[in-house]
Amino acid sequence: MAEKRKMKNEASSSNTKSDDSVVVDVGRRRSSCGYCKSSSNTSITHGLWAHSLTVYDYQALLDRGWRRSGCFLYKPEMEKTCCPSYTIRMKAADFVPSKEQVRVSKRMQRFLDGSLNVKKPDQQIDTSIDSNHISNNDSVSSAQPETDQVINYLSDQIDSGLLACIERGEFPSDIQLPKASVKHVAPTKRKLQAEGPQDLLYSSNISFQIAAALRRANKTDFTHKDPKFIAEVLSSHIVNMTSAIGLLVKPCNGHINFYSTETQTQTDAMSGRPAISKESSSSDSGKVQIKRRSLEIRLKRSTFDPEEYALYRKYQIKVHNDTPDHVTESSYKRFLIDSPLIFVPSSGDNTVPPCGFGSFHQQYLIDGKLVAVGVIDILPKCLSSKYLFWDPDFAFLSLGKYSALQEINWVKESQSHCPTLQYYYLGYYIHSCNKMRYKAAYRPSELLCPLRYQ
């Protein structure tokens, strides 16, 4: 409390507002649980309705196990609720990224510089080869680089599909899953493995490797460890990506197989690769155009934006399977726009960051297109992550993980302007819910003790 009074007094020297926190105790609430999907009202919380709330009071409430949803504050009754929820935080300066988190950053960079081949259903894909990656070895045939390029492209798509599955909670996020490997099927083996009239060109056994990793990790809560089921799930995630280059994906006895949908005149009979267009010029026939993209991250005060709301609707309907009539503008505003936090402007004396304290939306734009929005609170000691919604067409970029890395980095950079701002709060860690365990991957983290509040 002494620290809280000190921060409040420091801010009051530069902020003449005397607004106070005004809350109403609404008592115990029982409801169905969105985490364990219980059929009865097993989720038990205590609630407050906040008409106004200083950032200092909300920081103190966070450190007593409270969270907010719009203007409603709630705290789980840990000994009675079905899914105990522990406040989890991490000191940003101590953060050590995992291999998977490093891969997410590198994947985004590859996407921005044009070296990651991706295809969204409504876009034209450039699957041509950068001449810098072609070997100068004269003994290598010209068909080999394009075959290797298709293999790399397909491997990337399977990895993207796996990351999307992890984001949805279909696979665990707390173990290291293998990266995909795709092999070119020799012409002599195609007819033996093919199921239909199409030519079998490429195949991957990644499903068997994932199943083995799940068994080794003893993931008893993931019942679907059969390679056949895993292949079906992954194939469903990449079907639109592979059709763009004339390939049909089919799961077959645990394998993910890629077949040609082109006629023989459109396919190289010797290499079995799909026909791929390549841009060239008379001056440099090996040079191809690489589409580079720009990423812009904007921080704005929490206000209604029609473009954000449209993205939220798309996300909720496609990712969480909400019905359109449940994703209303009014419910969106109550959940992610309304905030009781009283804004504190920058003081210029290293007690408040340049953006101020309060509720914000962090927008992620690629080539000017809004692809993700992070809903956050910036408080005297932390950046508190509240919610993130993103464009399902960009699931291959793992925007949930990428945005968390950016928010951690923001805390690090902001310490020079506000030394007290040291922590990244990830909301609640719920060990009994698979979809919430991913938060333990941001290390080293701390859980708030619900008895001693330390």
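This report describes a predicted model of one protein chain, moving from the whole chain to its sheets, its helices and a few single residues.

## The chain as a whole

The chain is built from 10 helices and 15 strands, and of its 454 residues, 49% count as buried. The surface that the chain exposes comes to about 22300 Å², of which carbon and sulfur atoms supply 49%.

Contacts can also be sorted by how far apart the two residues stand along the sequence. Among the contacts between residues at least 6 apart in sequence, 68% join residues that are at least 24 apart.

## An open sheet of four strands

Strands of a sheet pair through backbone hydrogen bonds, and this pairing may be either parallel or antiparallel. In this model, four strands form an open sheet in the order 1-2-4-3, and their pairing is antiparallel. The edges of this sheet are strand 1 (22-31) and strand 3 (67-69), each of which pairs on one side only. On average, neighbouring strands of the sheet are turned by 30° against each other, when direction is ignored.

At one end of that order, strand 3 is joined to strand 4 (residues 72-76) by three bridges, and the two strands run antiparallel. One of the residues taking part is S69, whose bridge partner in strand 4 is F72.

## Strand 9 and its two partners

Strand 9 (residues 255-260) is largely enclosed by the rest of the structure, because five of its six residues are buried. Strand 9 pairs with strand 7 (residues 200-204) in the antiparallel sense, over four bridges, and within this pairing S204 stands opposite I256 of strand 9.

Strand 9 is also joined to strand 8 (residues 247-252), here by six bridges, and these two strands again run antiparallel. In this second pairing, the bridge partner of L248 is Y259 in strand 9. Strand 8 and strand 9 form a hairpin with two residues between them, and N253, which lies in the turn, has a positive phi of about 55°.

## A buried leucine in helix 4

L154 has its place in helix 4 (residues 143-167). With a relative accessible area of 0%, L154 falls under the 20% limit and therefore counts as buried.

Leaving aside residues up to four places away in sequence, L154 touches V182, Y202, T242, I245, L247 and F258. For one of these residues, V182, the separation from L154 is 28 residues in sequence, while the C-alpha to C-alpha distance in space is 6.9 Å.

## Two helices that cross

Two packed helices are described by the angle between their axes and by the distance between the axes. The axes of helix 3 (residues 99-113) and helix 10 (residues 399-414) come within 10 Å and cross at roughly 95°, which means that helix 3 is roughly perpendicular to helix 10. On the side of helix 3, the contact is made by E100, Q101, V104, S105 and M108, while helix 10 contributes L399, K401, Y402 and L405.

## A polar contact in helix 2

D57 is found in helix 2 (residues 55-62), and at 17% relative accessibility this residue counts as buried, because buried means under 20%. The side chain of D57 makes a polar contact with the side chain of S21, at 2.5 Å.

## Backbone details in the loops

Two residues other than glycine, K37 and S398, have positive phi values, near 60° for K37 and near 50° for S398. K37 has its place in the loop between strand 1 and strand 2 (43-52), whereas S398 is found in the loop between strand 13 (382-390) and helix 10. Their surroundings can be described by accessibility: K37, at 63% relative accessibility, counts as exposed, but S398, with a relative accessible area of 1%, is buried.

A further detail concerns the peptide bond from R443 to P444, which is cis, with omega near -5°. P444 lies in the loop between strand 14 (423-429) and strand 15 (445-447).

Notes: Residues numbered from 1 in each chain as written. Predicted model: local features only at pLDDT ≥ 70, side-chain atom pairs only at ≥ 80, totals over all residues. Heavy atoms only, no water. Buried < 20%, exposed > 50% of the residue type's maximum accessible area, 1.4 Å probe, protein only. Polar contact = N/O pair within 3.5 Å; in protein donor to acceptor, adjacent residues only side chain to side chain. Pairing = 2+ DSSP bridges. Axes fitted to C-alpha atoms, helices over the stretch in contact; angles between N-to-C directions. Contact = heavy atoms within 4.5 Å. Areas by Shrake-Rupley, 256 points an atom, 1.4 Å probe, with all protein chains shown as cover. Parallel < 35°, antiparallel > 145°, perpendicular 65-115°, else oblique.
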